[in-house]
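Colleague: Before I rely on the labels attached to this model, I would like to hear the reasoning behind them. Could you take me through them, setting each value against its criterion?

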Amino acid sequence: VVVTQPTAGEYKAFSAICTHQGCTVNGVSNGVIPCPRHGSTLDIATGAVTQGPATNPLPAKSVTVGADGITVT
């Protein structure tokens with residue numbers, strides 16, 4: 001799972017498995033979620049592809065922020 005913060009106080013989470021060939025993405029860098037294998041980048045707010053070769057977005061996960069931290073399901 002990769003957790004992002006597109007804007008202050010807003011958290012999103014996505015599968016960390018790139019939809020191109022199943023490589024694990026690198027977290028967040030320079031405002032995108034990069035995949036190290038073939039250079040795809042994905043949007044930190046939606047998981048949508050911003051640069052291929054991936055053509056499908058990262059699947060979204062549910063995020064809950066509470067007193068104990070962030071929970072992703």
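Modeller: What follows is a set of questions and answers on a predicted model, taken label by label.

Colleague: What makes E10 and K12 a salt bridge?

Modeller: The closest N and O atoms of E10 and K12 are 3.8 Å apart, and the criterion asks for a side-chain nitrogen of Lys or Arg within 4 Å of a carboxyl oxygen of Asp or Glu, so the pair qualifies. The structure holds 1 salt bridge. As background, side chains of opposite charge can pair when their charged atoms come close.

Colleague: Why are E10 and K12 called partly exposed?

Modeller: The relative accessible area is 28% for E10 and 29% for K12; since buried means under 20% and exposed means over 50%, both residues fall in between and are therefore partly exposed.

Colleague: How do you know that V2 is buried or exposed, and what is its setting?

Modeller: V2 has a relative accessible area of 6%, and because the limit for buried is under 20%, V2 counts as buried. V2 lies in strand β1, where it stands opposite F14 in β2. Leaving aside residues up to four places away in sequence, V2 touches K12, A13, F14, S15, A16, V25, G27, V28 and I33.

Colleague: And what makes V3 count as buried, exposed or partly exposed?

Modeller: V3, also in strand β1, has 36% relative accessibility, which lies between the 20% and 50% limits, so V3 is partly exposed. Together with V1, V65 and I70, V3 forms a nonpolar patch on the surface, with about 340 Å² of accessible area in total. Membership of such a patch requires over 30% relative accessible area, so the 36% of V3 meets that condition. In general, the side chains of a regular strand alternate between the two faces of the sheet.

Colleague: Which residues make up the largest nonpolar core?

Modeller: The largest nonpolar core has 12 residues, among them V2, F14, I33, I44 and L58. A member must be buried and joined through side-chain atoms within 4.5 Å, and V2, at 6%, satisfies the burial condition because it is under 20%. Beyond residues up to four places away in sequence, I44 has contacts that include F14 and I33.

Colleague: Why are β1 and β2 said to pair, and how many bridges join β2 to β6?

Modeller: Pairing needs at least two bridges; 4 bridges join β1 to β2 and 2 bridges join β2 to β6, so each of these pairs meets the condition. In the second of these pairs, A13 has K61 in β6 as its bridge partner. The result is an open, antiparallel sheet of 3 strands in the order β1-β2-β6, with β1 (2-7) and β6 (60-61) as the edge strands, each pairing on one side only.

Colleague: What makes β7 and β8 a pair as well?

Modeller: Strands β7 (residues 63-66) and β8 (residues 69-72) are antiparallel and share 4 bridges, and because at least two are needed, they pair. V63 has V72 in β8 as its bridge partner, and the two strands form a hairpin with 2 residues between them.

Colleague: Where does N30 sit, and why is it called exposed?

Modeller: N30 is in the loop between β2 (10-14) and β3 (32-34), and its 79% relative accessibility is over 50%, so it counts as exposed. N30 also has a positive phi of about 55° although it is not a glycine, while G9, in the hairpin of β1 and β2, takes a positive phi near 85°.

Definitions and conventions. Residues numbered from 1 in each chain as written. Predicted model: local features only at pLDDT ≥ 70, side-chain atom pairs only at ≥ 80, totals over all residues. Heavy atoms only, no water. Buried < 20%, exposed > 50% of the residue type's maximum accessible area, 1.4 Å probe, protein only. Contact = heavy atoms within 4.5 Å. Patch = residues over 30% accessible without salt bridge, like charges linked within 9 Å, V, L, I, M, F, W, Y side chains within 5 Å. Areas by Shrake-Rupley, 256 points an atom, 1.4 Å probe, with all protein chains shown as cover.
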